[in-house]
Every structure is written in C-alpha cells, then in structure tokens.
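Biologist: I am new to this structure and should like to understand the terms used to describe it. May I ask for the reasoning behind each one?

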Amino acid sequence: MSARQFFRSPWRTAGYILLVIVTLLWLVPFGQALLTSFRSYDDIMIRGFFSLPKTLSLNSYREAWERGGMRYYLPNSFIITIPSLILTLFFSSLSAYALARFRFPGNRAIFFLYVGGTMLPFQVLMLPVFRLTNALGLYDTYWGLIAFHTAFQLGFCTFLLRNYMRTVPGEILEAARMDGCNEFRIWWQIMMPLTLPALAALATLEFTWIFNDYLWAIILLRSDHLKPVTAGLATLQGQYVTDWTVIVAGALIATIPTVIVFIFLQRYFIEGLTLGATK
Amino acid sequence: MKRYLLTLLALVTTLTLVVACAPQTVTVTVERTVPVRETVQVTVEKPVAKRIVIYNSYMSDPAPREADAALVKMFEEEHPDIDVIHSTIAHEDFKQAIRAYLTASTPPDVMTWFAGNRARFFIDKGLIMDISDVWEKEGWNESYPKGFRALSTVNDKQYFLPASWYWWAVYYRKDIFDQYGLKPPQTWDEFLQVCETLKKNGITPITIGTKYPWTAAGWFDYLNMRVNGPEFHINLMLGKERYDDPRVKKVFTDYWGVLIQKGYFLENAAAYSWSEALQFMIEGKAAMYLMGDFIRDSYPDELEGNLDFFRFPIIDPNVPIGEDAPTDGFFIAANSQHPEEAKLFLAFLGSVKAQQYFADTLGRLPTNMGVDTSKFTPVQLKGLELIKGADYVAQFYDRDTTPEMAEKGMAGFMEFWDNPGAIDDILARLEAARQEIFAGQ
Amino acid sequence: MARRTVLYRLSPYLFLIVPLIIYCIWVVGPMLYTIYLSFTNWDGVSSPAVIGWRNYQKLFRDPVFYISLTNNLKWMLCFITIPVVGGLALALALNRNIPGAKFFKTSFYSPMVLSLVVCGLIWSWMYHPAKGLINESLRLIGLDALAKGWLSDRRLVMWAIIAVGVWRQVGYVMVLYLAGLQGVDPTLVDASRVDGCSNWQTIWHVILPLLSPVTVVVVVISIIDSLRAFDLVSVMTRGGPYYSSSVLANFMYIEAFNNYKMGYGAAISVILFILSAVFIFLYLWRVMQTEMEY
C-alpha cells in the first residue's frame with residue numbers, strides 16, 4: 001500500500017512515529033561516537049559534551065592511526081581473517097559434502113560433534129589451546145591464530161553447509177557418477193558451484209566474526225605489531241586512557257572494514273545469519 | 001585451472017606453516033613484509049643473520065614511552081649489529097600478559113618489571129635468568145647501593161636490575177592552598193582540617209581514580225604504616241599477620257572510613273583510571289592526590305609550577321616513618337632465545353649513561369650511584385630527602401605481597417570504599433584468603 | 001544405479017579426514033584436556049600435579065564464583081526476554097511494506113557488525129560520569145540526581161553492561177524472526193483473519209506457534225551467548241568494581257592468566273561447559289527430531 005494509505009489510520013501513524021524514535025535512539029551510540037571523534041578532548045572536557053565544538057578536525061583519527069597503531073592493527077586483522085576464512089570454508093565444505101551426501105557409520109556422530117562445537121563456551125579451550133600453540137611453536141605468530149580460527153569455525157560452517165547441501169537434488173550427483181566422475185570432481189565441479197549462495201553468505205558472516213574476535217587475539221599473540229584491531233583497540237585504550245576522542249576514533253577506524261563488507265554484502269550477511277537457523 | 005589453484009593454496013599453506021615453525025629470527029621478517037607469500041621468498045633467498053633482542057616494556061604513558069624509545073635508540077647506536085624489537089604494552093595489560101610471555105617458547109628477552117615480591121614470584125619459579133655475571137662484569141656490586149642489591153638478590157644470586165625508583169607523596173595544588181590560606185598539613189588533625197576547608201569551598205579535597213584499584217592500595221599502605229608502623233605492614237604483606245587483626249581494622253574504621261564518610265574523596269572514583277582522575281586536579285576542581293612521582297609525567301608542563309608535594313601526614317609520632325618508594329627495573333626471561341644480546345642490552349640499561357638520561361628526562365631517581373646528581377631538579381632533591389628521612393622503605397602493596405593476595409586485598413578495599421559497614425565481613429574474607437594463599441609458607 | 005565402488009565407499013572418510021584431524025587437535029582435544037587440567041594445580045609453568053576435586057571444592061566456596069554465576073544468570077534473563085520480545089515485535093512490524101522498512105531493519109542490525117570491543121568502548125564513553133552523553137543529557141534536562149556512575153556503582157554496573165549486549169542482540173533476533181516470518185504461510189494468516197480473529201489473536205494463536213522453531217533457536221543461542229559473555233566485561237570494567245560485574249568467563253580469565261591458577265581456571269570453564277551443555281543437548285535433541293531420514 002502507498003504511504004498515504006498507510007498513514008490513514010492514526011494508530012498506525014502513532015506506531016510509526018514510535019518506531020522512528022526507537023530507531024533513532026538505537027543509532028545514538030554511533031552518532032555520539034562520530035561527534036566525539038571529530039573534536040578535541042580538552043574541548044569536551046572543559047566545555048562539556050553538548051557545547052558547540054571550537055574546532056572540528058581529523059586529529060583524533062590521525063593520532064589513532066599513527067601513534068595509536070591502527071595503521072598496523074588494521075592490516076593485521078586482514079592477514080589473520082582472510083586465510084582463516086578461506087581455509088575454514090574449504091575444509092568445512094569437504095566435511096559438509098561427506099556428511100550431507102553419504103551414508104556411513106558415524107555420520108550422525110560426527111555431525112553432532114561439529115554442531116556441539118559451535119556452542120562451546122570457548123573459554124573451555126583457552127588454556128589447552130594456549131599450551132598447544134606454544135608447543136607447536138606457533139605462539140605469537142599469525143599462523144597460530146589462523147590455525148585456531150580455521151579449526152574453531154569448522155563446526156558452524158560444516159553444520160550450515162551440510163544442511164544446505166542436503167537440499168541439492170541427488171539426481172544431478174548420480175548422473176555425474178554414472179558419467180564416471182570421481183567424488184572429488186563431483187564435489188568441486190558440481191556441488192561447490194551449487195553451494196555458492198550459501199558460501200557467500202557464510203563468508204560474509206565468518207569474515208565479520210573472525211575479524212571481530214578479541215579473546216583469542218589477546219591470548220595467542222604477544223607482539224604489538226601482530227595484533228589485530230580488536231586487541232589493538234584495547235591497547236589503544238590502555239595507552240590513551242584519558243583521551244576518549246582518540247579511543248573512539250580508533251574504534252571507528254576498526255569498524256570500517258566490517259561496515260564496508262556489510263554495506264555491499266548486506267544480503268549475504270542476512271542470509272548467513274538465517275541459513276539453517278530455521279527449519 | 002582450479003586444480004592448479006588448489007595445489008598452489010596447499011603449497012602456500014604448507015610453506016607458511018614451515019615458516020611459522022622456523023626459528024625466531026625468521027619470524028621477525030614477517031613483521032616487515034605484510035603479505036604472507038613474500039615471507040616465503042625471503043626465507044628461501046637469504047638466511048637472517050642480524051642479532052636481535054626482544055624487549056617488551058610496560059612504559060605506556062606518553063613521557064616514559066618516549067624516554068624508553070630513546071634509550072633503545074641509544075643502545076642500537078652503540079651496537080649497530082643488534083636490532084631491538086621493542087613492544088610497548090599498556091601498563092595494566094602487561095601485568096596480565098607477562099605470565100604468557102614468560103611461559104612462551106619464544107619469550108621476550110628483556111622485560112620491564114617491578115622489584116619486590118612481584119619479581120620474586122617468577123624468580124622462585126625459575127622463570128628469570130640469573131644475571132649475577134652481568135652484575136659482576138659491570139661492577140654493579142659496587143656502584144649500586146646495598147639496599148638495591150638486596151632487593152635484586154635471591155639465594156645470593158642476582159636476578160633483577162633495579163633501574164629507577166620514585167617516591168610517593170601527597171601532591172597538591174599550591175595555588176589552591178594559597179587561595180584558602182592553607183599550609184601543607186603535618187599531622188592527621190591538620191590534614192582533616194585542610195580537607196574540611198577545601199570541601200566547604202566547593203573543592204574536592206582528594207582526587208583518586210580507582211578503576212584500577214592500586215590507587216586505593218596506596219591509601220592502605222600509608223594509613224597502615226602510619227597507624228601500625230612499617231614493620232607490622234610488611235609482615236602483613238608477607239602473610240605473617242592476620243587481616244582480621246584489630247590493628248588492621250582500626251585503619252579502616254578510625255581513619256580511612258572517616259575520610260570516606262566526610263566525602264573528602266572524589267565522587268564516582270571507581271569510574272576513572274588514575275590519570276582520568278588527575279584531570280580534576282588539573283582543572284582545579286580537586287586539590288590533592290596521593291600518588292607516585294610519575295604524576296608529573298601526565299601533568300601539563302606549563303602548569304607544573306603549581307604542583308608540589310608533602311609527606312603523608314603523621315598520625316602517631318611514636319611510630320617509625322614508612323614510605324612507599326617502588327623500584328622499577330628489568331630482567332631477562334630464563335628461556336630467552338638471545339641471552340647474549342639480552343645481557344648486553346641489560347648492561348646498557350644499568351649503565352650510568354642510560355640512567356643519567358632517564359633521570360634527567362623524567363625526573364626519576366636512578367639506582368646507579370655513578371649518576372651525577374648535581375643537575376637534579378629541586379623536585380628530585382626534595383623527593384630524595386623525603387625518602388632519606390624515612391625509617392623504612394616499602395615497595396607498594398601490590399609489589400610487596402603476592403599477586404593473588406594483592407588482587408583480593410584491593411578488591412576488599414574497593415568493597416570497603418563502597419560499603420564501609422561491611423568491614424568485618426571483608427576482613428574475615430581477606431583473612432581466609434591469606435591463610436589459603438600463604439599456607440605453604 | 002551406478003556401482004558403489006570401493007572408492008565411493010571410502011570417499012566420505014577421505015573428505016573428512018583432514019578437517020576432522022584439525023578439528024580434533026584444536027577443539028576436541030583441548031576440551032578434554034581442560035577437563036583433565038581442572039583436576040590439577042597447574043600454574044602454567046611447572047608440571048601439572050593431580051589434586052583431585054580440590055579445585056571444585058574451592059570453587060563452590062568462592063564468593064566470586066557465586067557473584068559471577070549470578071551475573072551470568074542476570075545476563076541470561078535479560079537476553080531471553082528483551083531481545084526476544086523486542087526482536088519479534090520489530091520483525092512483525094517491519095515485515096510489511098512500510099515506508100523506510102529497509103532503513104529501519106538496517107539500523108537495528110547494524111550493531112551486529114561491530115565487534116564487541118568497539119561496542120564496549122563506544123558505550124564506555126557514553127557512560128562516562130562527567131562528560132559522557134548519558135549524564136550530560138540528564139543534566140541538561142535537570143535530572144542531575146539520575147546522573148550516576150554507571151560503570152562504577154556496583155548496583156548498576158552489570159545492568160549497564162548487559163544493556164550494551166541487548167542493544168546489539170535485538171537486531172540479530174529481529175533478523176532471525178524476519179526470516180522465520182518468510183516461512184509462515186500467508187494463507188494461514190489470512191484464514192484466521194477471515195475467521196474474525198483480531199490482530200492480537202492472530203499473532204498469538206497463529207503466527208507465534210508457527211514461529212516456534214525460530215524461538216527455540218533464539219532462546220538457545222541467547223542462553224549460550226549469555227554464558228559465554230566475556231568481551232564486553234573485559235573491555236568495560238574487567239569485572240570491577242571488586243567483582244560486581246564479574247562473569248564466569250572473565251573470572252576464569254583472571255584466575256588463569258592473572259593469578260596463575262590455571263587448574264582452577266580450568267575448573268571454572270568446565271562448570272561453564274556443563275551449564276552450556278545442558279542447552280546444547282536440548283538443541284541437538286530438537287535438531288535430531290526434525291531431521292529427515294536420509
């Protein structure tokens with residue numbers, strides 16, 4: 001119905017206004033963060049949050065980028081996230097294919113093993129993984145973190161992909177088998193292209209999750225120059241303790257990649273959240 | 001095509017895993033070249049030959065951070081064949097992270113740390129390298145005062161390099177005091193009067209930021225030392241006295257509680273870190289701050305003329321005077337992968353040159369007696385006098401007692417701050433904790 | 001029907017072997033090792049020595065454990081009510097073609113894109129007692145008395161932190177319900193309207209039951225997330241003031257990495273796991289029920 005029709009009812013209009021107010025309230029944290037980041041800390045401290053800014057500048061951003069370390073934290077996040085993403089999608093699609101299209105003893109058990117892992121409170125893994133990473137000589141390296149993310153996300157990704165792969169009609173696969181294709185080729189050339197939508201959705205979701213990880217970054221990394229933005233922000237906070245404008249500017253810089261991914265791949269993000277969540 | 005991509009991916013994966021597992025020197029190059037593939041090429045082309053020492057420091061506040069970086073540069077100039085990989089970690093984070101550092105297979109070689117029980121804790125577990133040879137070689141056994149040497153020694157071996165120390169005192173705004181005709185108080189009653197006058201005039205008498213509760217521990221230290229004497233205090237730290245002893249309770253009910261009840265402390269102190277609370281003093285909304293001398297690092301230079309300090313007021317003139325004078329320094333991880341370079345770096349850090357620079361730039365007090373004190377500022381000299389006039393020097397609550405006891409103790413202080421009536425419960429719990437923690441000793 | 005070759009029979013195992021090994025080494029193994037660790041007194045350095053149930057006995061006597069547990073339960077309570085009701089309401093409201101629906105939807109689930117660290121920092125600034133938006137606004141409209149120390153008052157701090165979690169979670173739940181609503185057969189809804197049911201009755205008696213699969217998922221995920229909460233507490237207060245905002249995950253981190261009581265920390269995480277396991281199994285059971293036989 002058109003807008004005019006919609007607003008004919010006073011109840012609806014009232015409800016709509018309420019919705020607008022609530023939405024704006026929801027966006028307030030963003031707004032105030034943006035406002036703060038363009039001002040200087042002394043300005044806010046001396047004259048209050050609601051004062052008209054004396055100067056507006058990108059100084060806080062510059063500070064967070066240069067001395068705050070965001071200029072290496074941000075690339076680090078990518079170095080850690082992209083390989084983890086590729087590897088986990090690769091391995092989970094292998095697992096998912098096996099679990100989805102084959103009958104064999106242990107299928108159920110392995111599937112539940114993966115599902116159970118998605119819900120683990122990861123603190124349960126904290127200490128042994130720390131010890132393991134140490135023992136493997138991967139402590140304080142990108143690969144220590146990449147290896148962990150790859151392994152940990154396997155659970156959720158396998159679960160999702162397996163459910164999706166089940167919906168592929170079996171005839172296509174049978175036809176390929178009759179043509180003499182081996183399973184690996186079937187997986188690569190038939191199943192994967194068909195699963196592309198799910199993969200895209202999953203990739204978007206996983207990118208956001210791995211990119212935003214904090215706990216594992218602080219446990220498995222020691223050197224400042226290897227930290228991703230999440231851990232880097234905590235360091236920034238420790239460093240610029242009083243200077244909220246820099247801290248907030250740094251935080252906003254950290255959100256840029258995920259926001260970009262979100263804007264362009266919104267559709268996939270939503271799909272990712274809902275894939276397999278409803279039956 | 002796809003097969004090729006897959007094989008390449010597998011190859012890259014395996015090779016980078018190999019790289020990741022390779023010795024520390026190769027990992028260094030990872031930091032310089034961002035894309036993973038380039039690292040592979042570097043490993044294959046030339047073996048890394050540069051000597052390195054990994055140095056992790058907690059000097060995250062702006063002024064010490066710069067001085068720290070300058071020292072690193074000076075060392076690198078003296079030893080052009082050694083690269084110092086310098087990481088600065090936020091002060092509070094460092095305290096938690098050091099555990100992971102020391103137990104990692106590739107630990108930092110040299111680390112900043114605190115003297116006292118904090119260092120002892122790791123030394124006893126064999127995580128710190130014996131550096132008696134460096135002490136011997138550099139002649140520190142002679143050029144360092146006996147007190148500092150004792151601080152660094154366990155079972156006749158030296159493990160720690162004390163490098164700088166500073167005093168704690170009540171810092172105050174001279175101009176605000178002048179405005180209301182106040183003089184630095186010397187006794188407890190005078191102190192209460194000063195607070196009352198300030199409060200009446202709308203100034204917060206004492207500012208404090210207890211988000212990280214060690215600032216509150218400073219108050220406990222001083223009140224306990226003034227009321228019960230430094231000997232009792234240290235025994236309490238060592239777990240030899242009870243937390244539910246009436247003498248301990250007296251500190252809370254008769255002194256600390258009074259200040260809290262009368263509202264002499266900053267409101268919502270727990271929301272601010274120590275430097276956020278300093279802001280109030282800078283703006284003239286608060287007048288006093290019990291803090292270490294490093295307060296001047298965060299105080300705007302142009303306003304430092306208005307900042308002065310006085311000794312924490314005497315409560316009982318018959319009790320010996322104890323002061324907190326925490327000592328910071330360095331040590332080397334026991335399983336350091338570059339012990340020679342680490343020892344060279346340490347030797348530099350303990351040298352007159354490095355200490356002179358640190359003392360001159362930051363106004364801290366050096367430990368090496370070879371440092372020229374003639375150029376000391378009046379502030380430094382006053383601080384020195386303050387400590388010289390003390391009968392006993394303590395390291396500070398969370399350095400004198402074990403980390404676990406410190407954490408529980410400080411939580412107890414914060415709880416008391418919020419709810420003074422619960423002091424009996426709080427002390428009972430602290431006592432239970434003390435018994436459990438010091439059980440084996 | 002193609003011949004089931006040996007290769008065919010072996011295929012699933014070949015596909016699974018590498019991922020499973022990775023998974024076992026990094027997830028399953030560590031989980032089992034944590035259980036073992038909880039029976040030791042490992043301090044992260046010396047070799048672990050088995051001490052039996054001592055860690056658990058200490059845990060059940062530790063007041064901080066109960067404080068943390070209570071906080072997690074507070075979190076859980078908030079998470080299974082506010083975001084669920086709010087998310088459902090929003091989904092119902094935004095499921096039609098109202099002007100600006102896309103804008104509203106995006107606004108509500110945008111916080112999901114931010115990392116918890118970013119959320120924690122942005123909100124910490126908002127909660128700043130002197131100059132933060134919340135207190136400054138209250139002062140502006142004359143409600144000075146309400147301008148509290150949100151993160152420093154032990155009675156408020158946990159709720160203040162949970163509020164951030166809820167702010168973020170509502171959008172997520174809304175998205176799940178929106179997806180669920182796509183699966184609701186519109187003819188059923190129309191039928192109930194034709195039968196004379198009011199809007200409320202339609203929602204309560206027709207739509208909600210049809211959405212129950214989603215509700216189960218939402219509730220289980222909310223419970224698990226509230227048990228796992230760590231990032232916000234760690235960034236905003238580190239569990240302070242004096243443990244009043246401590247949650248189990250944070251408590252565990254401090255005991256293990258600050259107090260060097262790794263065995264004790266492991267015991268805490270085992271308790272955490274057992275609590276979550278109950279809900280994990282409930283969920284798996286439901287998944288099993290609706291699984292079609294292959």
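**Salt bridges, burial and confidence**

Modeller: In this predicted model, the side chains of Asp225(C) and Arg228(C) meet in a salt bridge, with 3.5 Å from N to O.

Biologist: Why is the contact between Asp225(C) and Arg228(C) called a salt bridge?

Modeller: A salt bridge requires a side-chain nitrogen of Lys or Arg within 4 Å of a carboxyl oxygen of Asp or Glu. The N to O value for Asp225(C) and Arg228(C) is 3.5 Å, so the pair satisfies the rule.

Biologist: Where do Asp225(C) and Arg228(C) lie relative to each other?

Modeller: Both belong to helix α10 (residues 212–228) of chain C; because they are 3 residues apart, about one helical turn separates them.

Biologist: What makes Arg228(C) buried or exposed?

Modeller: Buried means under 20% relative accessible area. Arg228(C) has 16% relative accessibility, and therefore counts as buried. Asp225(C), with a relative accessible area of 23%, is partly exposed.

Biologist: Which residues are joined into a network by salt bridges that share partners?

Modeller: Glu404(B), Lys408(B), Glu436(B), Lys58(C) and Lys261(C) form one such network. Over all chains, the count comes to 32 salt bridges.

Biologist: How do you know that Arg120(B) forms a salt bridge with Asp124(B)?

Modeller: Their closest N and O atoms are 3.5 Å apart. The cut-off is 4 Å, so the pair qualifies. Both residues lie in helix α6 (residues 117–124) of chain B, 4 residues apart, which is about one turn of the helix.

Biologist: Why is Asp124(B) called exposed?

Modeller: Exposed means over 50% relative accessible area; Asp124(B) has 53% relative accessibility, and so counts as exposed. Arg120(B), at 39%, is partly exposed, because this value falls between the two limits of 20% and 50%.

Biologist: What can be said of Glu304(B) and Arg296(B)?

Modeller: Their side chains meet in a salt bridge at 3.6 Å from N to O. Glu304(B) has a relative accessible area of 22% and is therefore partly exposed. Arg296(B) has 14%, so it is buried.

Biologist: What makes strand β2 (residues 82–88) of chain B mostly covered?

Modeller: Of its 7 residues, 6 are buried. In chain B as a whole, buried residues make up 61% of the 441 residues.

Biologist: How do you know that strand β1 (residues 51–57) of chain B pairs with β2(B)?

Modeller: Pairing needs at least two bridges. There are 7 bridges between β1(B) and β2(B), so they pair, and they run parallel. One of the bridge partnerships links Ser57(B) with Thr88(B) in β2(B). The chain passes from β1(B) through helix α4 (residues 62–78) of chain B to β2(B) in a right-handed β-α-β crossover.

Biologist: Which elements of chain B have the lowest and the highest mean pLDDT?

Modeller: Helix α2 (residues 24–32) of chain B has the lowest mean, 30, and strand β8 (residues 204–206) of chain B the highest, 95. The mean pLDDT of chain B is 83, with 88% of its residues at 70 or more.

Biologist: Where in chain B does pLDDT stay under 50?

Modeller: One such stretch is residues 15–47 of chain B, for which the model has 39 contacts beyond four places in sequence. Another is residues 1–6 of chain B, with 5 such contacts. Where pLDDT is low, the predicted coordinates should not be read in detail.

Notes
Residues are numbered from 1 along each chain as its sequence is written. Chains are lettered from A and ligands numbered from 1 in the order in which they are written. This is a predicted model: local features need pLDDT of at least 70, side-chain atom pairs count only at pLDDT 80 or more; totals for chains, interfaces and linings use all residues. Side-chain values use heavy atoms; hydrogens and water are left out. pLDDT is the predictor's confidence in each residue, from 0 to 100. Helices (H or I, at least four residues) and strands (E, at least two) are DSSP runs, numbered from the N terminus. Contact means heavy atoms within 4.5 Å. Buried means under 20% relative accessible area, exposed over 50%, partly exposed in between (1.4 Å probe, protein chains only). A crossover is right-handed if, with the strands pointing away from the viewer, the path from the first strand over the helix to the second runs clockwise.
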